[in-house]
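Hi,

Here is the structure I said I would pass on to you. Have a look at it first, and then read on for what turned up.

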Amino acid sequence: MEPQISPISDVHASATLGSGVKIGPFCVVGPDVTIGDNTELQSHVVLTGRTTLGRRNRLFAGSVIGGDPQDISYRETETQVIVGDDNIFREGVTVSKGAEKEDGCTRIGNGNMLMANSHVAHNCHIFDNVILVNGVLLGGHVHVQDGAIVSGNTVVHHFSTLGRLSFVSGGCRVPHDIPPFM
């Protein structure tokens with residue numbers, strides 16, 4: 001099935017679009033972007049940098065994926081964002097591409113829900129079936145393991161790990177690791 005692209009969106013000719021991709025109005029898709037089959041960009045979505053989205057992802061208005069990291073040491077090198085399948089990015093979600101540190105990649109697995117205005121900083125790794133509730137802010141290099149839930153307006157300090165099936169209450173400040181199942 002051919003991609004459906006709104007005539008008032010800007011999709012670069014070298015972007016790679018899978019079968020059944022839907023791109024709504026006022027979206028911007030850069031030249032180094034790959035979008036997997038049956039992924040939907042509703043409106044005002046920006047995909048930039050070297051960004052790869054898997055299949056059946058849904059991106060709501062104002063999401064920005066693949067922007068430069070907010071890291072003073074970043075030197076505009078070819079880092080990236082890799083997103084798996086079946087993720088939901090609600091309104092205003094931002095995901096920064098990796099900085100040159102570690103493997104230069106921000107990764108989001110499968111089946112995650114990132115609610116409105118949450119932010120995933122450079123070099124984070126969101127595993128599978130994670131929920132980030134509205135306004136969650138993840139500092140750089142944060143790892144959120146399978147099934148974790150981070151409630152609204154929580155701030156997670158860089159280099160922290162949230163263990164498998166952990167739960168963080170809303171409005172918390174997380175300056176260190178959270179063990180699995182806690």
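Let's start in the middle of the chain, where Ile82 stands opposite Arg107 in S15. Please keep in mind that this is a predicted model. The strand pair behind that match is S12 and S15, which run parallel and are joined by four bridges. On from there, S15 also pairs with strand S18 (residues 125–126), again in the parallel sense, over two bridges. Arg107 turns up here too, with His125 as its bridge partner in S18.

How confident is the prediction? The mean pLDDT of the protein chain is 97, and 100% of its residues reach 70 or more. Among the elements, strand S26 (residues 173–174) has the lowest mean pLDDT, at 97, while S13 has the highest, at 99.

S13 is a good way into one of the sheets. Nine strands make up an open sheet with parallel pairing, in the order S1-S4-S7-S10-S13-S16-S19-S22-S25. At its edges stand strand S1 (4–5) and strand S25 (167–168); each has a single partner strand, so one side of each has no neighbour in the sheet. Within this sheet, S13 runs parallel to strand S16 (residues 113–114), and two bridges join them. If you want a residue pair to click on, Ile88 stands opposite Met113 in S16. As a reminder, strands of a sheet pair through backbone hydrogen bonds, either parallel or antiparallel.

Now for the charged side chains. How many salt bridges does a search of the whole structure find? There are seven, and I'll walk you through some of them.

Take Asp86 and Arg56, which form a salt bridge with the closest N and O atoms 2.7 Å apart. Asp86 sits in the loop between strand S12 (80–83) and strand S13 (88–89), and Arg56 in the loop between strand S9 (50–53) and strand S10 (58–59), so the pair ties together parts that are 30 residues apart in sequence. Asp86 is partly exposed, with a relative accessible area of 36%, and Arg56 also counts as partly exposed, at 36% relative accessibility.

Then there is Lys101 with Asp71, a salt bridge whose closest N and O atoms are 2.6 Å apart. This pair links distant parts of the chain, 30 residues apart: Lys101 is in the loop between strand S14 (94–96) and strand S15 (105–108), and Asp71 is in the loop between strand S11 (64–67) and S12. Are these two buried or exposed? Lys101 counts as partly exposed, at 34% relative accessibility, whereas Asp71 is buried, with a relative accessible area of 12%.

Glu91 and Arg90 also meet in a salt bridge through their side chains (2.9 Å, N to O). Glu91 is partly exposed, with a relative accessible area of 31%, and Arg90 counts as partly exposed at 26% relative accessibility.

One last residue to look up is Ser96, found in strand S14. Ser96 counts as buried, because its relative accessibility is 5% and the cut-off for buried is under 20%. What does Ser96 touch, leaving out residues up to four places away in sequence? Its contacts are Gly67, Asp68, Pro69, Gln70, Val81, Thr106, His119, Val120, Ala121 and His122.

Happy to talk it through once you have had a look.

Best wishes

Key:
Residues are numbered from 1 along each chain as its sequence is written. This is a predicted model: local features need pLDDT of at least 70, side-chain atom pairs count only at pLDDT 80 or more; totals for chains, interfaces and linings use all residues. Side-chain values use heavy atoms; hydrogens and water are left out. A salt bridge is a side-chain nitrogen of Lys or Arg within 4 Å of a carboxyl oxygen of Asp or Glu. Buried means under 20% relative accessible area, exposed over 50%, partly exposed in between (1.4 Å probe, protein chains only). pLDDT is the predictor's confidence in each residue, from 0 to 100. Two strands pair if DSSP finds at least two bridges between them. Contact means heavy atoms within 4.5 Å.
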